[in-house]
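Got the viewer open? Let's take a walk through this one, a selection at a time.

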Amino acid sequence: MARRRLIQAINDALAEEMERDENIIVLGEDVELAIMGDTRGLLERFGPNRVRNTPICEATLTGMALGATAAGYHVVLHMMFANFVYTGFDAIANQIAKMRLMTGGQMEFPITFLAAYGGGASNAAQHSDSAHPTLMNIGGINVAMPSNSADAKGLLKTALRSRNPCFFLEPASRGGQMGEVPDGEHLVPFGKANVLREGKDVSIVTFGTTVRTSLDAADQLAEQGIEAEVVDLRTLVPLDENAIVATLARTGRMVVVDESRDRGGAGGYIAAIAADKGFKSLKAPVKRVNIPNVAIPYAPIAEREVLPTADKIVAAVTSIVG
Amino acid sequence: MSAGTTSENRDTLSALLERMVLIRKAEERLSKAAQAGELPGAVHLYIGQEASGVGACSQLKDSDWITSTHRGHGHFLAKGGDINAMYAEIWGKRQGICKGMGGSMHVADVSKGILGANGIVGGGFAIATGAAYGAKLRDDGRVSMCFFGDGAANQGVFMETMNVSSVWKLPMVFLCENNRLSEFTVSSTITAGNLVDRAKAFMPTIVVDGNDVLAVREAVGEAVARARGGEGPTYVETGTYRIHGHLEAEDAFLAGGKYRSKEEIEAWQTKERDPISRFETYLTSNGIMDEAAIAAIHARVQQQVDDAVKFAEAGDDADPKLSYTLMFADQEA
């Protein structure tokens, strides 16, 4: 085991996989110096043909990522912030997400998109979105959202070995969080949730930035005598529906915690799966803790108001337990 | 017809004519099928623009890449795509080049370097640029050609891709087919300045008569040589005209509305202006081919088209469950 910050674990995965597979190339805005830290040192190690700063033109970069796969490359495209997904959305939503089907399977798109997401640092509305509900809805793109260093490394390595396009969304507020990473070959499969804490009274189903928040809430709940099970979904596409149904069967109650807006969000989709496939287990309504249908405001006090917090999770749990 | 091309041998010229006739007859048949309601979806026809695609693709190898447009049958056939597989695709059959999952607007054959027609106006710019970037990194000598229309030139990604392909000297050709129409709108009413002036800021440009197959071939030859020589992209604009509507059966949508006159269309269909008849006149008047040889090409192509219709009609319906397994590799949708 090694102690690594989440962002270092991402950096490790990139370096190890680039060492292993010379077809992996990294493109993006400012990947050479790496403001996020995730691509730091890669230019020096792998050279300018494999790590290159691009112009700031997301509509072109996303399409170029697709085009470069024709030459047999696995393209890592760093989009900086998840909000910039919207600027580059045609090639993501209309091309990459659709073209494997449209070409009858002739084309595959081994592309790993990196983007930091989430609020908590007064980055304001255009640098704080979680784009995953949008990405989940457009078709053939996987969505991985690690919550800790080990999963960050293992999920990214899986993405980099996959023939499918994947959005690897980096939890911006958790980049500095330390965690244990297994030594040696460490791969985390997609579509396999992780039960981080067992409990019999309620299931807190979450992923990404809000896993830590949910574990904090579970600690508070334990002091009140409520045993919460915390399930980290790890990937939204593919989604481990069996794990959702299984945890519900154990506890009978569910709170979904998700850092995206409520309307059309991931939390609602997960709740729908619980209602549809886990109905017989349900002893109470499924609750959602997420972001109200507002843009993320700038001022810290206003931002805290809308982000999921441990207190909000505790309140949601106590409203259905007991 | 342009000078300096008389040294082209007869076989090459005959092949150019045959490819143009193939596109024309294939699309005339599609038009008929569309009017008769035999096709499941819409078709956007390339009739009148054949010299552009055929002249341009005649300078490419199978291993070179193209991206195409919603009006993509001509490019598909010009680049060597199979008409049977294309027809089966448009008819929605399992034997289609994309197994019936893409249809007319998405005909693609990666084995021929055809990275797909594209239903998004301007959707090919960045894909072609990425393919050129990949070719540059691999140093594999491939060239990437992006076909687009004057309508697509108003998309911002046109400027973005000219910038990046120029600064990185990517092996690319921007092949603008200026057919003067942006779907149902006359381009001059929505376009400032001349398109070529936009490109001049980034790369060498050539504007050519797009209904002159030899002139297109010559211009694209220069552009491809520059790309293969590591000198970066070139913008080639082929001036042409779309004879058919934006899509077949558009009259049903337009409720009698017109965006151009019958006279304007007919002026582009004269023997002197139509890309096929004027090339035939060139071939006969220069003693390169005689009427009988040309008639033989028409007969052969007509048979090929008729056979393709039979192939498509006899094909099996597309697999209705296939979409579930095609979204991802090794993963259910």
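Start by selecting A:Ile25 and A:Val75: the first stands opposite the second, which sits in strand 4 of chain A. Keep in mind as you look around that this is a predicted model.

Now widen the selection to the two strands. Strand 2 (residues 24–28) and strand 4 (residues 74–81) of chain A run parallel, joined by 5 bridges. Widen again and you get an open sheet of 7 strands in chain A, with mixed pairing and the order 3-2-4-5-7-6-12. Colour strand 3 (51–53) and strand 12 (235–237) of chain A: these are the edges, and each has a single partner strand, so one side of each has no neighbour in the sheet. Ignoring direction, neighbouring strands of this sheet are turned by 20° against each other on average.

Next, show helix 7 of chain A. Which strands does helix 7 of chain A lie across? Strand 2, strand 4, strand 5 (111–117), strand 6, strand 7 and strand 12 of chain A, and it runs at about 160° to strand 7 of chain A.

Time to colour by domain. The domain assignment splits chain A into domain 1 (2–181) and domain 2 (194–320). Taken over C-alpha atoms, the centres of domain 1 and domain 2 of chain A are 26 Å apart. Where they meet, 25 residues of domain 1 of chain A are in contact with 22 residues of domain 2 of chain A. On the domain 1 side, pick out helix 6 (132–136), strand 6 (142–144), helix 7 (149–160) and strand 7 (166–171) of chain A, the elements that give two or more residues to it. By type, the residues on that side of domain 1 of chain A divide into 12 nonpolar, 11 polar and 2 charged.

Over in domain 2, select strand 11 (residues 228–232) of chain A. Is it buried or exposed? Mostly covered: 5 of its 5 residues are buried. Show side chains here, and you'll find A:Ala228, A:Val230 and A:Asp232 pointing one way, with A:Glu229 and A:Val231 pointing the other, all of them buried.

Add the partners of strand 11 of chain A. Strand 9 (residues 194–197) of chain A pairs with it in the antiparallel sense over 3 bridges, and A:Val195 stands opposite A:Val231. Strand 10 (residues 202–206) of chain A runs parallel to strand 11 of chain A, with 5 bridges joining them, and here A:Val205 is what stands opposite A:Val231.

Bring chain B into view. Here 37 residues of chain B are in contact with 35 residues of chain A. On the chain B side, helix 5 (124–138), helix 6 (156–167) and helix 13 (322–326) of chain B are the elements that give two or more residues. Helix 5 of chain B has the largest share, 12 residues. The chain B side divides into 22 nonpolar, 12 polar and 3 charged residues.

Last stop: the largest nonpolar core, with 198 residues. Zoom in on A:Ala115, B:Met145 and B:Val173, which have the most contacts inside it. Helix 1 (residues 10–35) of chain B gives the most to this core, 10 residues. Both domain 1 (2–181) and domain 2 (194–320) of chain A contribute residues, so this core lies between them.

Finish on B:Val173. Leaving aside neighbours within four places in sequence, B:Val173 is in contact with several residues, among them B:Val143, B:Met145, B:Val220, B:Ala223 and B:Pro233.

How values were computed: Residues are numbered from 1 along each chain as its sequence is written. Chains are lettered from A and ligands numbered from 1 in the order in which they are written. This is a predicted model: local features need pLDDT of at least 70, side-chain atom pairs count only at pLDDT 80 or more; totals for chains, interfaces and linings use all residues. Domain bounds come from an automatic or database domain assignment. Two residues are in contact if their C-beta atoms, placed from the backbone, lie within 7 Å. Helices (H or I, at least four residues) and strands (E, at least two) are DSSP runs, numbered from the N terminus. Ala, Val, Leu, Ile, Met, Phe, Trp, Tyr, Cys and Pro count as nonpolar, Asp, Glu, Lys and Arg as charged, and the others, Gly among them, as polar. A nonpolar core is a set of buried Ala, Val, Leu, Ile, Met, Phe, Trp, Tyr and Cys residues joined through C-beta atoms within 7 Å. A residue is buried if 20 or more other C-beta atoms lie within 10 Å of its own, exposed if 12 or fewer, and partly exposed in between; C-beta atoms are placed from the backbone. Two strands pair if DSSP finds at least two bridges between them. Axes are lines fitted to C-alpha atoms, for helices over the stretch in contact, and angles run from 0 to 180 degrees between N-to-C directions.
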